[in-house]
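Take a look at the fold below. We will walk through it one step at a time.

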Amino acid sequence: MSAATDSEDILATAAGWKAEGERVAIATVVETWGSSPRPAGSRLAVTASGRIAGSVSGGCIEGAVAEVAQKTMETGVPQLLDFGISDERAWEVGLACGGKLKVFVEKLG
């Protein structure tokens, strides 16, 4: 399955949740550099009740994005998040190299 198809599925899932009356936020990877588990265009949908579909990264980044998504649903204010880990720090935590990613979080209509 391609990244585009994955993103379309996430958006369809999010639209379904919205139709059920859920508040929904969408997080999209807009830029990557170096080592990044998911490519630009990858999406994560989060509902106010805690449902999640898709992925923008992994580990602690995904949790941080979900937390920001909750705030974005409450305020309606979109946010651009910037995550990065240096090559030196990456080696310490068992990764081959560092990387950066930017994730845009917005409330779904």
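Start with a term: a residue is buried when its relative accessible area is under 20%. Keep in mind that this is a predicted model. Now apply the term to strand 2, residues 43-47. Four of its five residues are buried, so strand 2 is largely enclosed by the rest of the structure. Across the whole protein chain of 109 residues, 33% count as buried.

Step back and look at the overall plan. The protein chain has three helices and five strands. Read from the N terminus, the elements follow the order α-β-β-β-α-β-α-β. Links across the sequence matter for reading this fold. Take the contacts between residues at least 6 apart in sequence: 52% of them join residues at least 24 apart.

Next comes the sheet. Strands of a sheet pair through backbone hydrogen bonds, either parallel or antiparallel. Here the five strands form an open sheet, and the pairing is antiparallel. Their order in the sheet is 3-2-1-5-4. Which strands stand at the edges? They are strand 3 and strand 4, the latter made of residues 79-85. Each has a single partner strand, so one side of each is left without a neighbour in the sheet. From one strand to the next, the twist averages 20°.

Return to strand 2 and look at its partners. On one side is strand 1, residues 24-34. The two pair in the antiparallel sense over five bridges. One of the residues to find is Ile26, whose bridge partner in strand 2 is Ala45. Strand 3, residues 52-54, is also a partner of strand 2. Three bridges join these two strands, which run antiparallel. Ala45 appears again here, with Ala53 as its bridge partner in strand 3. Val46 has its own bridge partner in strand 3, Ile52.

How does the chain get from strand 2 to strand 3? The two form a hairpin with four residues between them. Gly50 lies in the turn and has a positive phi of about 100°.

Now pick out Thr47, which belongs to strand 2. Is Thr47 buried or exposed? Its relative accessible area is 0%, so Thr47 is buried. Its side chain makes a polar contact of 3.1 Å with the side chain of Ser49. Leave aside neighbours within four places in sequence, and Thr47 is in contact with Trp17, Glu22, Arg23, Val24, Gln70 and Met73.

Turn to helix 2, residues 59-75. Helix 2 lies across strand 1, strand 2, strand 3, strand 4 and strand 5. Strand 5 covers residues 99-107, and helix 2 runs at about 25° to it. Thr72 has its place in this helix. At 0% relative accessibility, Thr72 counts as buried too. What does Thr72 touch, not counting residues up to four places away in sequence? The list is Val77, Pro78, Gln79, Val105, Glu106 and Lys107.

Finish with the aromatic rings. A pair of aromatic rings is described by the distance of the centres and the angle of the planes. To count as a pair, the ring centres must lie within 6.5 Å. By this rule the count is zero aromatic pairs. Trp33 does have a charge over its ring, though. The charged end of Lys100 sits there, 5.6 Å from the centre of the ring.

Conventions: Residues are numbered from 1 along each chain as its sequence is written. This is a predicted model: local features need pLDDT of at least 70, side-chain atom pairs count only at pLDDT 80 or more; totals for chains, interfaces and linings use all residues. Side-chain values use heavy atoms; hydrogens and water are left out. Buried means under 20% relative accessible area, exposed over 50%, partly exposed in between (1.4 Å probe, protein chains only). Two strands pair if DSSP finds at least two bridges between them. Axes are lines fitted to C-alpha atoms, for helices over the stretch in contact, and angles run from 0 to 180 degrees between N-to-C directions. Contact means heavy atoms within 4.5 Å. Rings of Phe, Tyr and Trp (its six-membered ring) pair if their centres lie within 6.5 Å; planes under 30 degrees apart count as stacked, over 60 as edge-to-face and the rest as tilted. A charge sits over a ring if NZ of Lys or CZ of Arg is within 6 Å of the ring centre and within 35 degrees of the ring normal. A polar contact is a pair of N or O atoms within 3.5 Å; within protein, one must be able to donate a hydrogen and the other to accept it, and residues adjacent in sequence count only if both atoms are side-chain atoms.
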